[in-house]
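Dear colleague,

I am handing over the structure we spoke about, with its sequence, so that you can look at it alongside my notes. Please read the notes with the model open.

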Amino acid sequence: EAQFTKPNGVAIDGSGNVYVANKDNNRVRKITSSGVVTTLAGTGDHDFADGTGTAASFRHPSGVAVDGSGNVYVADTHNNLIRKITSDGVVTTLAGSGSPGFADGPGTAAQFKKPNYVAVDGSGNVYVGDKDNNRIRKITSLGVVTTLAGSGFTGIDNGTGTAAKFRGPQGVAVDGSGNVYVGDSGNHMIRKIATTLASGSTTEDAT
């Protein structure tokens, strides 16, 4: 009996609930394991507002991810933001100024350009396919944004960190070892960013 308009990203929690980025309805929906659909957050208006449940607004959300505590992370694509929804439905802005651009930094000092999909690891780090910036970004649990990989220039190069190049990367996933997998859409490839620890430092190599 439920209806959606252009649902995009989906994620599933440990209890079997499915979360949906309902892109053209400007909502994030929840489907219980028995198939009951509710609106977790979003007025349905093509807008921006933090708030609780249907008091919050999104602008074409595309990707969702859920952590072990039931927090849902949203790539709010046309707002150029990454949003966080608690298990109680409270929506806040995790990172991004709202203006399209590129900048690393804490919280709203950072900038994205059409972020499409997100993934979250066991430590609460969020990974973002920052499509129009041709980069993969990382957001710590404290909201600090850095560039994991990508020079920002369109290309196909493998390499470490910002030496690598992507062409409109979208989907991201992360495994238990911290390796990040990328749907490099414009290059028609699946890329892997291998995270290795050496001498106390972390390096990322995109292949």
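What follows is an account of what was found, from the whole chain down to single residues.

The model is a predicted one, and the mean pLDDT of the protein chain is 94, with 96% of the residues reaching 70 or more. I would draw your attention to residues 197-202, over which pLDDT stays under 50 and for which the model has 4 contacts beyond four places in sequence.

As to the overall picture, the secondary structure comprises 19 strands and 0 helices. The radius of gyration is 16 Å, which agrees with the value near 17 Å that a compact globule of 207 residues would have, and the C-alpha trace spans about 50 × 35 × 30 Å along its principal axes. Of the 207 residues, 47% are buried, while the chain exposes about 9100 Å², 48% of which is supplied by carbon and sulfur atoms. Among contacts between residues at least 6 apart in sequence, 34% join residues that are at least 24 apart.

One open sheet has 5 strands in the order β5-β9-β8-β7-β6, with antiparallel pairing. Its edges are formed by β5 (51-52) and β6 (61-66), each of which has a single partner strand, so one side of each is left without a neighbour in the sheet. The pairing of β5 with β9 (residues 90-95) is antiparallel and rests on 2 bridges, with Thr52 standing opposite Val90 of β9.

Two buried residues touch parts of this sheet or its surroundings in sequence. Asn80 is found in the loop between β7 (72-76) and β8 (81-85), and it counts as buried because its relative accessibility is 5%. Beyond its neighbours within four places in sequence, Asn80 is in contact with Gly96, Gly98, Ser99, Pro100, Phe112, Lys113, Lys114 and Pro115. Ala41, in strand β4 (residues 37-41), is likewise buried, at 0% relative accessibility. With the neighbours within four places left aside, the contacts of Ala41 are Arg27, Val28, Gly53, Phe58, Ile85 and Val91, whereas the C-alpha atoms of Ala41 and Lys30, 11 residues apart along the chain, are separated by 9.1 Å.

The other region that I looked at in detail is centred on strand β12 (residues 126-130), where 5 of the 5 residues are buried, so that the strand is largely enclosed by the rest of the structure. Val126, Val128 and Asp130 point one way from β12, Tyr127 and Gly129 point the other way, and all are buried.

Strand β11 (residues 115-120) runs antiparallel to β12 and is joined to it by 5 bridges, among which Tyr117 has Gly129 as its bridge partner. The hairpin of β11 and β12 has 5 residues between the strands, and Gly124 takes a positive phi near 90° there. β12 also pairs with β13 in the antiparallel sense over 5 bridges; these two strands form a hairpin with 4 residues between them, in whose turn Asn134 has a positive phi of about 55°.

Within β13 (residues 135-139) lies Lys138, which stands opposite Tyr127 and, at 23% relative accessibility, counts as partly exposed. Not counting residues up to four places away in sequence, Lys138 touches Asn125, Val126, Tyr127, Val144, Val145, Thr146 and Leu148. The C-alpha atoms of Lys138 and Gly51, by contrast, are separated by 24 Å, with their positions 87 residues apart along the chain counted as their distance apart.

With best wishes

Terms used. Residues are numbered from 1 along each chain as its sequence is written. This is a predicted model: local features need pLDDT of at least 70, side-chain atom pairs count only at pLDDT 80 or more; totals for chains, interfaces and linings use all residues. Side-chain values use heavy atoms; hydrogens and water are left out. pLDDT is the predictor's confidence in each residue, from 0 to 100. Contact means heavy atoms within 4.5 Å. Buried means under 20% relative accessible area, exposed over 50%, partly exposed in between (1.4 Å probe, protein chains only). Two strands pair if DSSP finds at least two bridges between them. The radius of gyration is taken over C-alpha atoms; the globule rule is 2.2 Å times the number of residues to the power 0.38. Accessible areas come from the Shrake-Rupley method with a 1.4 Å probe; for residues, only the protein chains shown count as cover.
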